[in-house]
Amino acid sequence: MEIELLKSKIHRVKVTQANVNYIGSITIDEDLMDAAGLIEYEKVHVVNVTNGERLVTYVIKGERGSGIICLNGAAAHKADIGDIVIILSYATMTPEEAKKHQPICIFPKDNKLK
């Protein structure tokens, strides 16, 4: 048996762009991706603290150091620029692995690590 646990979380970042004309996904500053242990095309859940919307999409790399958080495609309808979101990723593991697991949680300030 395997269970799904929180792998990583980018807590309370601001949406900087919304691009309905892109094919889909969420663009995230590569510095934030690295800090949270996210890889390009990884599945994530996006929780909009501002309006309560929730969605599932995948990550694409944004310019390193830019602070970009851009919802693309249909997801762009779920947030406005300036909304606060939490980005969550999950991992599947055995119960034995889960007992030792510690998720990565980052708390950027102004969408940057420092």
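**Exercise 1. Identify the residue of β7 that stands opposite Lys 14, and describe how β1 is paired.**

Solution. Lys 14 faces Ile 84, a residue of β7. Helices and strands here are DSSP runs, helices being H or I with at least four residues and strands E with at least two, numbered from the N terminus. Two strands count as paired if DSSP finds at least two bridges between them. Strand β7 covers residues 84-93, runs antiparallel to β1 and is joined to β1 by nine bridges. Strand β8 (residues 104-106) runs parallel to β1, and three bridges connect these two strands. Within β8, Cys 105 is the bridge partner of Lys 9.

The model is predicted: local features need pLDDT of at least 70, side-chain atom pairs count only at pLDDT 80 or more, and totals for chains, interfaces and linings use all residues. Residues are numbered from 1 along each chain as its sequence is written, and side-chain values use heavy atoms, with hydrogens and water left out.

**Exercise 2. Determine the surroundings of Ser 8 and state whether this residue is buried or exposed.**

Solution. Begin with the location: Ser 8 belongs to strand β1, residues 3-14. Next, consider accessibility. Buried means under 20% relative accessible area, exposed over 50%, and partly exposed in between, with a 1.4 Å probe and protein chains only. Ser 8 has a relative accessibility of 1% and is therefore buried.

Then list the neighbours, where contact means heavy atoms within 4.5 Å. Leaving aside residues up to four places away in sequence, Ser 8 touches Ala 36, Leu 38, Ile 87, Leu 88, Ser 89 and Ile 104. Although Ser 8 and Leu 88 are 80 residues apart along the chain, their C-alpha atoms are separated by 5.9 Å.

Finally, examine the polar contacts. Such a contact is a pair of N or O atoms within 3.5 Å; within protein, one must be able to donate a hydrogen and the other to accept it, and residues adjacent in sequence count only if both atoms are side-chain atoms. The side chains of Ser 8 and Ser 89 form one at 2.6 Å. The side chain of Ser 8 also reaches the backbone oxygen of Ala 36, at 2.9 Å.

**Exercise 3. Asp 29 is buried; establish which side chain of opposite charge is nearest and which backbone nitrogens lie by its side chain.**

Solution. Asp 29 is part of strand β3, residues 25-29. For charge, Lys and Arg count as positive and Asp and Glu as negative, while His and the chain ends are not counted. A salt bridge requires a side-chain nitrogen of Lys or Arg within 4 Å of a carboxyl oxygen of Asp or Glu. The nearest side chain of opposite charge is Lys 112, 5.9 Å away, and Asp 29 has no salt bridge. Polar atoms of the Asp 29 side chain lie 3.1 Å from the backbone nitrogen of Gly 65 and 3.0 Å from that of Ser 66. Among the residues that Asp 29 touches are Glu 63, Arg 64 and Asn 111.

**Exercise 4. Compare the settings of Ser 25 and Tyr 41, two residues other than glycine with positive phi.**

Solution. Phi is near 105° for Ser 25 and about 80° for Tyr 41. Ser 25 lies in strand β3, whereas Tyr 41 is placed in the loop between α1 (30-36) and β4 (43-48). Ser 25 is buried at 2% relative accessibility; Tyr 41 is exposed at 57%.
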